[in-house]
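Colleague: I've got a few things to ask about this one before I start clicking around. Shall we just go through them in turn?

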Amino acid sequence: MPADEALSRREFLGRAAKAGACLAAAGAIAYATHDPEGPGPAAAEPQAAALPDFSIPGLGKKMGIGHGSDRARTLQLTLQALGGIEAFVRKGDRVLLKVNAAFASPPMLSATTHPDLVAELTRLCLKAGAASVAVTDNPINDPASCFALTGIAQAARSAGADVILPEERFFKPMTVKGAQLIRNWPVLTAPLAGVTKLIGIAPVKDHHRSGASMVMKNWYGLLGGRRNIFHQDIQTIIAELAGMVTPTLVVLDGTTTMIANGPTGGSLADLKETRTLIVGTDQVAVDAFGATLLGKAAADLPFIAKAEARGAGTADYRSLSPVEVSA
Amino acid sequence: MSIVTARRISQVFFAVVFVWFCVASTLGDLPWQLRGWPVNWLLELDPLVGIATLLSTRTLYAGLLWGLATVALTLVLGRVFCGWICPFGAMHQFIGYLGKRRKKLAAQLEANRFRPAQAIKYYILVFFLTAAILLPDGWLSSGSLLTGLLDPLPLVHRSVNLILLPLADRAGLGPSPLPRWYEGAWLIGAVFLAALFLNLRVPRFYCRFVCPLGALLGVLSRFAVWRIGRTEEGCTDCRLCERGCEGACEPTGRIRISECVMCLNCLDECRHDAVTYRTRPSAAGEILLPDLSRRGFIVSAVSGVLAAPVMRLGGLTGPNWNPGLIRPPGALPEEAFLTRCIKCGQCMRVCPTNVIHPAGFEAGLEGLWTPKLSFRAGTSGCQHTCIACGNLCPTAAIRPISLDERRGRNEFSGRGPIRIGTAFVDRGRCLPWAMDRPCIVCQENCPVSPKAIFTREVFNAVRTNAPLTVKSVDRGRIALTSDTLEAGRFGTGDYHALLPGGLRLRITANTAGALDLERPLDGPEAPPAGSPVAVQVRLQQPHVDPKQCIGCGVCEHECPVLGLRAIRVTAENESRNPHHRMVL
């Protein structure tokens with residue numbers, strides 16, 4: 001249209017219609033997206049949820065203490081004394097082994113679950129007919145390095161287990177019923193999906209803050225986020241973890257005990273041969289006995305009484321009349 | 001098969017090899033991981049790395065000998081490396097192709113005409129090489145290796161390793177088990193994207209105007225036995241040969257040998273077989289050397305020679321060293337380090353804990369993109385059982401140390417472990433020191449034996465609303481005269497009741513007005529009504545033993561004071577610079 005020509009009616013109407021349509025569209029978008037409130041406070045805490053109970057109903061409490069320096073052999077004998085692995089793992093079970101792979105250090109330093117135990121337990125579970133065995137942990141050091149250097153990944157894979165490295169998406173915020181600390185906190189739940197049997201395997205270690213790191217402390221590896229904050233109330237967090245997890249079985253490896261410089265160790269001088277392996281269904285009782293390998297009594301470790309108070313087990317391991325075997 | 005197809009196959013092949021090497025630089029022994037793959041090979045083939053480090057260190061380190069192969073190739077055949085091998089060149093060529101494919105012939109010819117600014121790359125090269133020269137001892141403070149800033153192989157390795165792969169990680173397609181962080185990645189990404197997108201303006205922009213390696217090979221190609229050139233007869237001056245000319249070397253006229261990247265598009269385009277690759281010079285004449293002005297050359301060279309001494313006036317390699325700059329274990333003393341590091345990012349890529357990051361200006365301008373440790377990002381501190389970075393470093397800026405040397409074992413037991421710094425507790429931020437909260441996560445995670453972090457136990461009186469007074473004692477329970485306590489607070493196992501006479505017992509539970517103790521109080525122990533009782537918290541306060549601390553930063557990484565950590569590593573006492581020694 002030449003500049004000096006007046007706008008025709010048709011053109012004016014056309015232009016007005018387009019402008020009107022644009023305005024209507026802008027108005028519709030503004031209306032549809034208008035948020036008069038703005039963002040509110042953070043979403044409420046998720047409802048308290050529980051992890052599945054992995055204990056075997058009707059089995060009762062069992063505990064076995066094996067003596068020997070060959071971990072695989074001692075594990076076999078101790079399990080036999082408790083009725084064999086078949087008493088705990090049945091055909092078709094999907095088993096998860098929660099190891100302690102916290103540090104990127106070699107097996108000889110005993111700062112992590114020994115690969116021989118992982119391999120042997122995997123083998124036994126598969127022999128008993130388990131459909132699958134997986135191994136997981138959320139370590140402190142770099143996860144891939146930890147699983148590689150501890151020998152756990154290699155041992156697990158060659159025995160036929162899957163290794164699940166923790167990824168961000170495997171964690172889900174959880175609130176544990178009655179817990180003061182595990183509230184809206186990320187927990188490594190994805191590896192537990194579909195699992196029917198959960199077995200914890202941990203070494204006996206000195207721990208400067210809590211007094212000892214054994215099977216109950218090992219569940220710390222199911223927590224995500226900046227979990228170090230819980231060290232401010234370590235006894236309570238261990239007890240809450242024991243309350244959160246009801247395993248099928250726990251294995252506490254005191255073949256060598258880290259008696260000093262724990263929980264990292266780093267030198268053979270930090271270790272002592274104690275030639276003892278404890279297998280049991282009651283994690284509190286197993287830890288109560290484990291304390292003796294460190295030269296402590298259950299009463300020296302407040303988390304044991306706290307876990308007992310939460311109903312996670314009994315500190316009086318003698319009441320379970322543990323079976324003792326020697327390899 | 002036409003020669004151009006062969007060139008494309010070669011470019012794709014080397015690009016695939018390059019990407020594969022980048023992916024394979026993942027620590028591990030799976031087939032796709034590092035194992036023993038020669039992932040530095042393309043960097044080693046880059047003769048600018050070899051020549052520049054030769055000038056700065058007077059030695060040619062290990063695999064850098066491969067650069068000789070490229071030099072030989074260039075001396076015989078011309079810049080084949082640029083046109084057939086360089087993965088960065090292949091990226092430029094591909095994007096340049098996208099930019100010009102719909103353009104008219106005239107526009108394509110315009111894009112590929114020679115521009116005098118192509119001389120800039122030679123000035124850059126002269127500046128970098130003269131800056132790298134290590135003058136005889138006592139002469140200024142020389143030998144700053146800056147080539148890595150723009151050398152295409154380090155640049156493309158850095159860009160893919162620190163930008164593209166981490167992005168792929170986040171999309172779930174990358175090689176790392178956990179997404180990776182790299183401080184200051186934006187600048188590396190910006191340089192990379194700018195270099196790529198400039199091809200839309202002028203094809204192979206980077207190669208023509210910037211690339212110091214291209215400049216080096218351009219100079220070497222003056223002796224090339226075989227060259228591109230015009231035959232004596234047949235040319236109709238149609239200029240079709242210049243349509244796809246990647247180097248803008250003007251094959252129609254007097255061909256500029258130093259600019260020719262051996263893309264061979266001219267051979268393919270010529271309808272009259274008037275362009276050949278032969279030993280005789282072009283019938284239209286040749287321009288063998290780049291068009292450098294004497295003045296420009298002198299300016300670049302003098303600037304280069306002065307660059308290192310001027311940059312070092314800041315004192316970062318001397319008394320004003322930056323304590324926040326933690327170099328990886330095995331890194332050379334700072335001045336020697338700066339004569340070798342090409343900023344390729346291989347150490348940052350291979351580091352299993354993602355603790356090595358590209359420096360900003362912490363090490364000065366010349367230290368841009370050199371490795372530094374950042375203990376907040378990453379999945380752990382620097383694992384003292386790991387020696388990956390030094391064993392991958394293509395120039396030994398980080399020496400290939402053994403595990404024994406790192407740990408100070410066996411033959412190295414006399415020297416002690418390699419220290420990269422020392423941890424310091426910030427008592428104003430540390431929970432047990434400043435906030436009466438038990439913690440010692442740092443002590444727990446200290447990986448050396450005996451631990452470098454040890455604790456001293458103290459009992460501090462807890463802040464209560466009012467002084468506490470005993471009302472009555474029933475076995476292990478002390479009832480108080482007031483109901484002022486927070487119920488349950490003191491039952492964590494860390495709190496103790498201090499009774500008159502100094503008896504201290506652990507509290508197992510409390511209500512607002514009563515304390516439960518770990519054991520019953522017998523007769524004389526029981527305090528009489530009206531006596532004071534104090535609640536104390538048992539704290540283990542961390543201390544660092546500098547003799548044991550190796551500066552690995554695991555403590556700093558794990559510290560629950562997440563912002564500015566309450567225990568931090570600085571470069572004090574690092575082994576590589578003996579004058580940073582802190583204690584006797």
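Colleague: Let's start with S321(A): is it buried or exposed?

Modeller: Keep in mind that this is a predicted model. The cut-off for exposed is over 50% relative accessible area. S321(A) has a relative accessible area of 57%, so it counts as exposed.

Colleague: And where in chain A is S321(A) found?

Modeller: Its backbone is worth a look, since phi of S321(A) is near 35°, a positive value in a residue other than glycine. As for its place, S321(A) sits between α9 (302–309) and β11 (323–326) of chain A, in the loop.

Colleague: R58(B) caught my eye too; does it count as buried, partly exposed or exposed?

Modeller: R58(B) is in the loop between α3 (47–57) and α4 (67–77) of chain B, and its phi is near 65°, again positive in a residue other than glycine. Partly exposed covers what falls between the 20% and 50% cut-offs. R58(B) has 48% relative accessibility, so the label is partly exposed.

Colleague: Now V135(A): which residue 26 places from it along the chain has its C-alpha 6.7 Å away?

Modeller: V135(A) belongs to strand β3 (residues 132–136) of chain A. Its relative accessibility is 0%, so it counts as buried. Beyond its neighbours within four places in sequence, V135(A) is in contact with residues including L96(A), F147(A), D162(A) and I164(A). The partner at that C-alpha separation is A161(A).

Colleague: Which residues have the most contacts inside the largest nonpolar core?

Modeller: That core has 123 residues. Apart from it lies another core of 58 residues, with I182(A) and V195(A) among them. Back in the largest one, the residues with the most contacts are L42(B) and F88(B).

Colleague: What is the omega of the cis peptide bond between S449(B) and P450(B)?

Modeller: P450(B) lies in the loop between α20 (441–445) and β8 (453–461) of chain B. Chain A has a cis bond as well, from G262(A) to P263(A), with omega near 0°. For S449(B) and P450(B), omega is about -5°.

Colleague: Last one: what radius of gyration does chain B have?

Modeller: The C-alpha trace of chain B spans about 120 × 55 × 40 Å along its principal axes, and 57% of its 584 residues count as buried. A compact globule of 584 residues would come out near 25 Å, but chain B has 33 Å.

Note on methods
Residues numbered from 1 in each chain as written. Chains lettered and ligands numbered in written order. Predicted model: local features only at pLDDT ≥ 70, side-chain atom pairs only at ≥ 80, totals over all residues. Heavy atoms only, no water. Rg over C-alpha atoms; globule rule 2.2 N^0.38 Å. Buried < 20%, exposed > 50% of the residue type's maximum accessible area, 1.4 Å probe, protein only. Core = buried A, V, L, I, M, F, W, Y, C linked by side-chain atoms within 4.5 Å. Helix = DSSP H or I, 4+ residues; strand = E, 2+ residues; numbered from the N terminus. Contact = heavy atoms within 4.5 Å.
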